[in-house]
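Reader: I would like to learn how the words used to describe a protein are justified. Could you take me through this one?

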Amino acid sequence: MRSRLGLLALAVIGSALATAAPAGAAPGSSGSAGSGSAVSDARFETLCTPTDPGLTELSGLVSTGDRMYAVGDSGTDDSVWVLDNQCRVTGTLPVPRTPVDVEDMAYSGGRLWLADIGDNSSVRPHVSLTDMDPGTGAGAMHLLTYPDGPHNAETLLVGRDGRPVIVTKEVLAASGIYRPAGGTTLDQLGPGPAPLQRVGQIAFAPTDTPGSPMPVAGSILVTGGAVSADGRVVAVRTYTDVYLYAAPDGDIAAALTRTTPIRVPMPNQPQGEAIAFTPNGDLLSASEANGGPLPPIQILRGATGLVDLPEVTVAAAQSGSSGRGAVVAAGVGTGIAATVGAAAWLGVRSRR
């Protein structure tokens, strides 16, 4: 036990040191984005509360303005629920191929894209993206392969260039950023398996924001992501916080590895894993029930406008090595407890 805890502690320190690495790494490198961020006082409010029990495992969410599409993870991911803006179910769409563990969803090219990328045991030789017609549910599965072995992931990001980006969910390391090799876009994907390439990594320091199935650790695990309709803002969430990145040229990997995000503390959710932009730039957040009543879908109005505030530019210019070092130093002690808790919790949650 003592040696195991020692390894966990060393892993946390290594991850924290990676957090301090310069954020100027070019896409295609293994550079790491630091966890330094400007904190916004913007607040989410309740939009509506789902009532259909099929949404107790809600893990992926998309908004097209007049409706929302929601999907659960393993065990409840054979259908996509169609909701109005009052959270009332107006229909369901059968997933065209039997998934393993859908963890996120995006909307691109007029189609839904389901990210079947969950792999808590890290044993899957392939993960997949499934495209679906939002009216009929018709679609196909596209297999993907990591270049460095299996990973668990819960985040799919698709920008205006149509290239999918997967961010892994790591307990003992920084989260990897992957996209199809050769610049392959969604509409160029065949049945596969298509190779992915690692283009960077991202790590967050622990925060004190409440709302997680595990204390502290929930604030460092990446559980979902979304890209604004114009492709200029990228959102990556943990169980407790959402980080908003400016991507003025639409390059998601560059935004995640080169820029300083705005951090917005999220509402106290039992197990928050879903995030989605509305077409007008608001941000929706949803959560699994985690054994309790169905939680509400929350909304952060004007979310895309937050990254355009002058304070963001100032924060990015002022975030030097000393600032990142302070974040790391503060996070190492709590990170040890966070990682131990995360490892234990994920061990008993292997079915999801």
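Author: This is a predicted model, and a good place to begin is the hairpin of S6 and S7, where Cys-87 takes a positive phi near 70 degrees. Five residues lie between the two strands of that hairpin.

Reader: How do you know that strand S6 and strand S7 pair?

Author: Two strands pair if at least two bridges are found between them, and five bridges join S6 (residues 79-83) to S7 (residues 89-94), so the pair meets that requirement. The two strands run antiparallel, and Ser-79 stands opposite Pro-94 in S7.

Reader: Why is Ser-108 called buried?

Author: Buried means under 20% relative accessible area, and because Ser-108 has 17% relative accessibility, Ser-108 counts as buried. Ser-108 lies in strand S8 and, leaving aside residues up to four places away in sequence, touches Trp-113, Val-158 and Leu-186.

Reader: What lines the largest pocket, and which element gives the most to its lining?

Author: The largest pocket holds about 420 Å³ of space. Of the 25 residues that line the pocket, the closest to its centre are Tyr-107, Val-158, Val-227, Ser-228 and Ala-229. Strand S8 gives the most to this lining, with four residues, while strands S4, S12, S16 and S20 are also among the elements that give two or more.

Reader: How do the lining residues of the largest pocket divide into nonpolar, polar and charged?

Author: The lining of the largest pocket has 15 nonpolar residues, nine polar and one charged. Tyr and Val count as nonpolar, so Tyr-107 and Val-158, which are among the residues closest to the centre, belong to the nonpolar group.

Technical notes:
Residues are numbered from 1 along each chain as its sequence is written. This is a predicted model: local features need pLDDT of at least 70, side-chain atom pairs count only at pLDDT 80 or more; totals for chains, interfaces and linings use all residues. Side-chain values use heavy atoms; hydrogens and water are left out. On a 1 Å grid over the protein atoms alone, a cavity is a set of points where a 1.4 Å probe fits but cannot get out, and a pocket is an open set with protein on both sides within 12 Å along at least five of seven lines; lining residues have an atom within 4 Å of a point. Grid points are joined across faces, edges and corners, and a volume is the space filled by probe spheres set on the points. Buried means under 20% relative accessible area, exposed over 50%, partly exposed in between (1.4 Å probe, protein chains only). Contact means heavy atoms within 4.5 Å.
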